[in-house]
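Open your viewer, switch to a cartoon view and keep the selection tool at hand. We will go from stop to stop, and at each one you will pick a few residues and see what is there.

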Amino acid sequence: MSKVLMFLADGFEEIEGLTTVDILRRAGEDITTVSIEGGKVIKGAHNIKLYADDVIDEVDLASFDAVVLPGGMPGTTNLANNEKVVDTVKEYAKAGKLVAAICAAPFILGQAGVLDGKKASVYPGFEDKLTGATYVKNEVVKDKNIITAPGMGKALDFALEIVAYLQNADAAKKIREDVIG
């Protein structure tokens with residue numbers, strides 16, 4: 001079981017965040033939602049409120065094996081403007097830990113300089129923010145330790161790709177069969 005960190009900011013896309021949390025927990029992964037807002041209450045892009053498991057200033061960011069960034073606006077911008085989030089992305093990528101981002105959030109990876117020479121996807125309109133990457137349209141993309149996806153319509157596939165990375169393809173296939181039928 002891997003320890004997975006998901007940063008949450010006000011304005012995150014609920015489907016992207018919660019689908020990923022749900023699928024990873026079904027797969028037996030230890031995923032912790034971490035608020036960057038100073039308190040545990042987070043308000044999604046569509047005014048859905050939830051409680052994060054922890055807050056950024058009270059968690060050992062180095063103790064995780066992977067980091068996930070959901071998209072949504074202004075959630076992605078809020079994540080991009082947080083120095084601890086950006087530093088974590090850089091450190092994880094450099095260490096070979098999994099860095100996964102969906103929707104607009106892959107632009108944070110481009111700004112952090114972790115996409116050089118890699119393929120990546122992002123929400124339409126943010127392609128030019130994937131600095132150093134080769135853009136792949138409308139697909140979940142895994143390139144070494146980086147997983148990206150274009151948006152909420154790919155949230156299930158994104159989460160399953162994370163499971164496949166952390167465990168194996170058979171584990172992801174089993175979860176897919178369990179949730180789709």
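**Stop 1: the buried side of α6**

Select Ala171, Ala172 and Ile175, which are the buried residues of helix α6. The model you are looking at is a predicted one. Now turn the view until you look down the axis of α6: the buried residues fall within an arc of 95 degrees, so they line one face of the helix. What covers these buried residues of α6? Show α1 (14-26) and α5 (155-166), which are among the parts that do so.

Next, swing round to the other side of α6 and select Ala169, Asp170, Lys173 and Ile180, which are exposed there.

Stay with Ala172 for a moment, in helix α6. Ala172 has a relative accessible area of 9%, and because the cut-off for buried is under 20%, Ala172 counts as buried. Which residues does Ala172 touch, leaving aside those up to four places away in sequence? Select Leu160, Val163 and Ala164 to see them. You can also draw a distance from the C-alpha of Ala172 to the C-alpha of Asp157: the two atoms are separated by 9.4 Å, and the residues are 15 apart along the chain.

**Stop 2: α6 from end to end**

Select residues 169-180 to light up the whole of α6, a helix of 12 residues. From its first C-alpha to its last, α6 reaches 16 Å, close to the 16 Å expected at 1.5 Å a residue.

Which residue caps the N-terminal end of α6? Pick Asn168: a side-chain oxygen of this residue lies 3.0 Å from the backbone nitrogen of Asp170. Then travel to what follows α6, and you will meet Gly181, whose phi is positive, near 95 degrees.

**Stop 3: charged pairs**

Side chains of opposite charge can pair when their charged atoms come close. How many salt bridges does the structure hold? There are 5, and we will visit some of them.

- Select Asp178 and Lys174. They form a salt bridge, with the closest N and O atoms 3.1 Å apart. Asp178 and Lys174 are 4 residues apart in helix α6, a separation of about one helical turn.
- Select Arg176 and Asp157. Their side chains meet in a salt bridge, at 2.6 Å from N to O. This pair links distant parts of the chain, with Arg176 in helix α6 and Asp157 in helix α5, 19 residues apart. Arg176 is partly exposed, at a relative accessible area of 33%, and Asp157 also counts as partly exposed, at 26% relative accessibility.
- Select Arg25 and Asp53. The side chains of this pair meet in a salt bridge too, at 2.9 Å from N to O. Arg25 lies in helix α1 and Asp53 in the loop between β4 (49-51) and β5 (54-55), so the pair ties together parts that are 28 residues apart in sequence. Arg25 is partly exposed, with a relative accessible area of 43%, and Asp53 is partly exposed as well, with 35%.

**Stop 4: a buried charge without a salt bridge**

Now select Asp143, in strand β10 (residues 141-143). Asp143 is buried yet has no salt bridge. Where is the nearest side chain of opposite charge? That side chain belongs to Lys144, and it is 5.0 Å away. A salt bridge needs the side-chain nitrogen within 4 Å of a carboxyl oxygen.

What else is there for Asp143? The backbone nitrogen of Lys119 lies 2.8 Å from a polar atom of the Asp143 side chain. Beyond residues up to four places away in sequence, Asp143 touches Gly117, Lys118 and Lys119.

**Stop 5: backbone details**

Keep Lys144 selected. It sits in the loop between β10 and β11 (146-149). Its phi is near 60 degrees, a positive value in a residue other than glycine. Is Lys144 buried or exposed? At 61% relative accessibility, Lys144 counts as exposed.

Jump to Asn47, in the loop between β3 (41-43) and β4. Asn47 is not a glycine, although it has a positive phi of about 65 degrees. Asn47 counts as exposed, at 56% relative accessibility.

For the last selection, choose Met73 and Pro74. The peptide bond from Met73 to Pro74 is cis, with omega near 10 degrees. Pro74 is placed in the loop between β6 (66-69) and α2 (75-80).

Technical notes:
Residues are numbered from 1 along each chain as its sequence is written. This is a predicted model: local features need pLDDT of at least 70, side-chain atom pairs count only at pLDDT 80 or more; totals for chains, interfaces and linings use all residues. Side-chain values use heavy atoms; hydrogens and water are left out. Helices (H or I, at least four residues) and strands (E, at least two) are DSSP runs, numbered from the N terminus. The expected span of a helix is 1.5 Å times one less than its number of residues. Buried means under 20% relative accessible area, exposed over 50%, partly exposed in between (1.4 Å probe, protein chains only). The arc is that of the directions from the helix axis to the C-beta atoms. Contact means heavy atoms within 4.5 Å. A polar contact is a pair of N or O atoms within 3.5 Å; within protein, one must be able to donate a hydrogen and the other to accept it, and residues adjacent in sequence count only if both atoms are side-chain atoms. Lys and Arg count as positive and Asp and Glu as negative; His and the chain ends are not counted.
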